[in-house]
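Trainee: Could you walk me through this one over coffee? I'd like to start where the chains meet and then look at some single residues.

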Amino acid sequence: MDKKLVYFDNASTSFPKAPILQESFYNFLDNAGVNASRGVYSLALESGRILHRCRLLLSQLVSTEPKRILFHLNATHAINVALQGFLKRGDIVVTTQMEHNAIKRTLNALKEKIGIEIREITTDEFGNISLQSAKELCKGARMLACVHVNNVNGATIPLEELSQIAKDENLCFLLDASQSVGVLPVDNILKKVDLIAFSGHKGLLSTMGVGVLGLSKEFDEDLLEPLIFGGTGSLSEEEYQPRFLPDKFESGTINMHGITNLKDSLEWIYSYGIYNIYNHKANLKEYLYEKLQTINNINIYSTQGTSGANLSFIIKNKSISDVEFLLSDTYNICTRIGLHCSPATHKCLDTLKYGGTIRVSIGAFNTKDEIDYLIYAIKEIEAK
Amino acid sequence: MISGYILVYSSADAFYAEEIFKTHNINIKLMPTPRELSSDCGVCIYFEIESIDKIHLVLNDKNLEYEIKLK
């Protein structure tokens, strides 16, 4: 295929990655390449410094202390550490009706395994929730766990208001920020929530394999039990897990190749201007929304305004799989169809009957010309 | 010259401290924690006595928990 590839599946993972990453990867292989925190020879120290630098940059991004940034395999893993590590038998957890399976399935598994009670805040397709209902549901609960930006359509929860409710009701607030970190400003976010989970490979433009659980400065880590136990390079004479951060939650060899890439992509993002990236994505999303509205027979399942960089649509009377195939095969455009691991969202959107939607998710390197090309392709497909 | 070791809980704290000292032009060296010293971390920080006041100042400012052992 000689058409230029146009990538609109950034909600799944960013592509391309930050331009520095090839150099970053080979630099690490050549000049550090060993375990961090497992020795005091020069290579191990260099690796340890990279690990610290990544923690520091992330702690500045979400406003916490470096040691409160915990590295995991991916955002889902981080969410599991938070939910499985915090919730106990009989606890009540409040969530929304539009959750990704990362939260949904984990909560359902805990319901079966240890008998937690799950309460769902009614949510419309734009992420609007009844705050009165949220307040009622939160009474007597121990945790509020929800997604910040929806991965299907970019709907964004009212974070400030939910944060206030969680504080008033003394709940632990876990935020799944997989689709918001690198997309929307998250300054001071760990002053609004207690725990935040996200990955390095989406909005932060790094490679797959690194997830982050961030703890607020006030969160008492004694309330959270690790999911895995083992060697940490510290307290080796002890046969029990260290209780201090971050070692309590980081057993075994961590993904230093991925963490090096994440550190370098963060430095690249800051030098490029993180707000430039936020604005760029918001502008392109707005432009896409406006253009898509002009095409016949399109249902759009997203809103205009400040929501995330994801948009869903269908073409009436066309199968979503045919549309994805044509976009890919004829135009070399990458989109993602289906339920996007979030059947709960599609229930709210009433799009289960189509088998889901066609999702366009915008990344840092998309251009207005690419949106125009996508619109041109959709128009041609609609007219066929 | 009198010198000593700063013991911290984790290597994450040790690298954090190293960066803080670098910012404040305090000369230190990361070292394996001497086995005779009780420590929660495989890495400790070696320093010379002339820096001790500045060390207390910057570590307390960052709320880093530490212990000093003089040689």
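Mentor: We'll take the interface, then the cysteines, then a few single residues and some backbone oddities.

Mentor: This is a predicted model, so local features need pLDDT of at least 70 and side-chain atom pairs count only at pLDDT 80 or more, while totals for chains, interfaces and linings use all residues. Residues are numbered from 1 along each chain as its sequence is written, chains are lettered from A and ligands numbered from 1 in the order in which they are written, and side-chain values use heavy atoms, with hydrogens and water left out.

Trainee: Got it. How many residues of chain A are in contact with chain B?

Mentor: 20 residues of chain A are in contact with 16 residues of chain B, where contact means heavy atoms within 4.5 Å.

Trainee: And what area is buried between them?

Mentor: About 1400 Å², with carbon and sulfur atoms giving 60% of that. In chain A, Val40(A), His52(A) and Phe244(A) lose the most area to chain B, together 33% of what that side buries. Buried area here is the accessible area (1.4 Å probe) that two parts lose on being put together, summed over both.

Trainee: Which residues form the salt bridge across the interface?

Mentor: Glu18(B) pairs with Arg49(A), and their closest N and O atoms are 2.6 Å apart. The rule finds one salt bridge across this interface, meaning a side-chain nitrogen of Lys or Arg within 4 Å of a carboxyl oxygen of Asp or Glu.

Trainee: Switching topic: how many disulfides are there?

Mentor: Zero, over all chains; a disulfide would be a pair of cysteine sulfur atoms within 2.5 Å. For Cys334(A), the nearest cysteine sulfur is that of Cys341(A), 18 Å away.

Trainee: Is Cys44(B) buried or exposed?

Mentor: Cys44(B) is buried, at 0% relative accessible area, whereas Cys334(A) is partly exposed at 22%. The cut-offs are under 20% for buried, over 50% for exposed and partly exposed in between (1.4 Å probe, protein chains only).

Trainee: Where does Ile358(A) sit?

Mentor: Ile358(A) is in strand β13 of chain A, residues 357-361, and counts as buried at 0% relative accessibility. Helices (H or I, at least four residues) and strands (E, at least two) are DSSP runs, numbered from the N terminus. Leaving aside residues up to four places away in sequence, Ile358(A) touches several others, including Leu311(A), Phe313(A), Val323(A) and Ile337(A). Its C-alpha atom is 5.9 Å from that of Arg336(A), 22 residues apart along the chain.

Trainee: What does the side chain of Ser251(A) reach?

Mentor: The backbone nitrogen of Gly230(A), at 3.0 Å. The side chain of Ser251(A) also makes a polar contact with the side chain of Gln241(A) at 2.8 Å. A polar contact is a pair of N or O atoms within 3.5 Å; within protein, one must be able to donate a hydrogen and the other to accept it, and residues adjacent in sequence count only if both atoms are side-chain atoms.

Trainee: Where are the cis peptide bonds you hinted at?

Mentor: One joins Phe15(A) and Pro16(A), with omega about -5°. Another joins Leu245(A) and Pro246(A), also with omega about -5°. Most peptide bonds are trans, and most residues other than glycine have a negative phi.

Trainee: What phi does Asn170(A) have, then?

Mentor: A positive one, about 60°, although Asn170(A) is not a glycine. Asn170(A) is exposed, with 69% relative accessible area.
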